[in-house]
2 protein chains.
Amino acid sequence: MDTLLTIQQVADKTGLSEHTLRYYERIGLIESIDRADNGHRRYSDVDVGWIEFLKCLRATGMPVMQMKAYADLTRVGDHTIEARLELLKEHRRAVLAQIEEMQAYLSVVDYKIDYYTKEKERIETCSEN
Amino acid sequence: MDTLLTIQQVADKTGLSEHTLRYYERIGLIESIDRADNGHRRYSDVDVGWIEFLKCLRATGMPVMQMKAYADLTRVGDHTIEARLELLKEHRRAVLAQIEEMQAYLSVVDYKIDYYTKEKERIETCSEN
DNA sequence: TCTTGACTTAGAGCACACTCTAAGATGTAT
DNA sequence: ATACATCTTAGAGTGTGCTCTAAGTCAAGA
């Protein structure tokens, strides 16, 4: 199928707002989308797929400017595949490092939760007497 | 030991900037710190410990306003232990959920990395002939 | 015909978490 | 004495990523 979608439909489908979709296009994250006769945007399945991938990059914390660099690479041809690969691999490393950092910091929070749980029990035990 | 530290020493030790330390104090994340005769801040070990815990909350993505809520609870006495516990547990759930989300999105990035790796090999193989 | 609603643009505004500035007080070294 | 570093405050400024506004076009329905 190659049904073309309006911006509203794409917003619903992707969870990004219409504002954000236009913003992403303006800054070059999304290549200029086909237009209907009245000038309204018409998104193809390929466009939506690209937007979904952008979501993956954003949701994993990639800065918009880095996403722009990646987007630019995809537009200039196959000879940038190696560069794209490097960019994604580097991002992957960064994400895994960030997850590990969060887990390490979270373990301190866990420790505190443990402490409060015991403290709470102690207080409750005292008040029973 | 209960050596008192200057703001610069605490900045070095915690990795937060002096600006950030003052900012945290201003917005009530850090309780007002003891002063030397000349009005300069003098941080105790307990203060530094608290700041380190704040770092754990921030590094795991807790918004500053929620940290403020937690800080406020710690100041009004033992009867808020349950509330503090709930806040930390809720945060813990949120962090784990976020990590899972990131991992899910990252797996799409992994898929792309795989695709590009194969694509690159294919291109290299072609050019060998 | 009139209204409603979806869309367009350029550009302004906003929330968050800092980050920096300006002006001034104080302390130490030469 | 003088230079320099370190600190103080209140408040302004910054970067990021949206998010909203205003003014206008266009098409379908009552």
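The following paragraphs describe a predicted model of two protein chains with two DNA strands, beginning with the symmetry of the chains.

Chain A superposes on chain B with an RMSD of 0.0 Å after a turn of 180° and a shift of 0.0 Å along the axis. This is the relation of a two-fold axis. Within chain A, the residue that comes closest to the rotation axis is Ile99(A), whose C-alpha lies at 3.3 Å. The contact between the copies can be described in similar terms: 100% of the interface residues of chain A are also interface residues in chain B, so the copies meet through the same surface.

The DNA strands may be taken in turn, starting with strand C. Around DNA strand C there are 19 residues, and the closest are Gln8(A), Arg41(A), His19(B), Tyr24(B) and Arg58(B). Of the atoms of this strand that come within 4 Å of the protein, 72% belong to sugar and phosphate. Three arginine side chains of chain A illustrate how the strand is approached. An N or O atom in the side chain of Arg22(A) is 3.1 Å from a phosphate oxygen of DNA strand C, and one in the side chain of Arg35(A) is 3.2 Å from a phosphate oxygen of the strand. The side chain of Arg26(A), by contrast, places an N or O atom 3.1 Å from a base nitrogen of DNA strand C. Two or more residues of the surface near this strand come from each of α1 (7–14) and α2 of chain A and α2 of chain B. The element that gives the most is α2(B), with five residues. Sorted by class, the surface near DNA strand C comprises five nonpolar, seven polar and seven charged residues.

Attention now passes to strand D. DNA strand D has 18 residues around it, of which His19(A), Tyr24(A), Arg58(A), Arg22(B) and Arg41(B) come nearest. Sugar or phosphate supplies 70% of the atoms of DNA strand D within 4 Å of the protein, while the rest belong to bases. One base nitrogen of this strand is 3.1 Å from an N or O atom in the side chain of Arg26(B). On the phosphate side, a polar side-chain atom of Arg35(B) lies 3.2 Å from a phosphate oxygen of DNA strand D, and a polar backbone atom of Arg41(B) is 2.6 Å from a phosphate oxygen of the strand. Elements giving two or more residues to the surface near DNA strand D are α2 (18–26) of chain A and, in chain B, α1 (7–14) and α2 (18–26). Here α2(A) gives the most, with five residues. The residues of this surface divide into five nonpolar, six polar and seven charged.

Away from the DNA, the interior of the protein deserves a separate look. In soluble globular proteins, nonpolar side chains tend to be buried together. The largest nonpolar core of this model has 70 residues, and Leu21(A), Tyr43(A), Leu21(B) and Tyr43(B) touch the most other members. Beyond its neighbours within four places in sequence, Tyr43(B) is in contact with residues including Leu4(B), Ile7(B), Val10(B), Leu21(B), Ile33(B), Val48(B) and Ile51(B).

A final example is Val64(B), which lies in helix α4 (residues 64–75) of chain B. Val64(B) counts as buried because its relative accessibility is 18%, under the 20% limit. Residues up to four places away in sequence aside, Val64(B) touches Tyr23(B), Ile27(B), Leu29(B) and Arg58(B). The C-alpha atoms of Val64(B) and Glu101(B), which are 37 residues apart along the chain, are separated by 22 Å.

Note on methods. Residues are numbered from 1 along each chain as its sequence is written. Chains are lettered from A and ligands numbered from 1 in the order in which they are written. This is a predicted model: local features need pLDDT of at least 70, side-chain atom pairs count only at pLDDT 80 or more; totals for chains, interfaces and linings use all residues. Side-chain values use heavy atoms; hydrogens and water are left out. A residue is near a molecule or strand if one of its heavy atoms lies within 4 Å of it. A polar contact is a pair of N or O atoms within 3.5 Å; within protein, one must be able to donate a hydrogen and the other to accept it, and residues adjacent in sequence count only if both atoms are side-chain atoms. Helices (H or I, at least four residues) and strands (E, at least two) are DSSP runs, numbered from the N terminus. Ala, Val, Leu, Ile, Met, Phe, Trp, Tyr, Cys and Pro count as nonpolar, Asp, Glu, Lys and Arg as charged, and the others, Gly among them, as polar. Copies are superposed by least squares on the C-alpha atoms of residues with pLDDT of at least 70 in both. Contact means heavy atoms within 4.5 Å. A nonpolar core is a set of buried Ala, Val, Leu, Ile, Met, Phe, Trp, Tyr and Cys residues joined through side-chain atoms within 4.5 Å. Buried means under 20% relative accessible area, exposed over 50%, partly exposed in between (1.4 Å probe, protein chains only).
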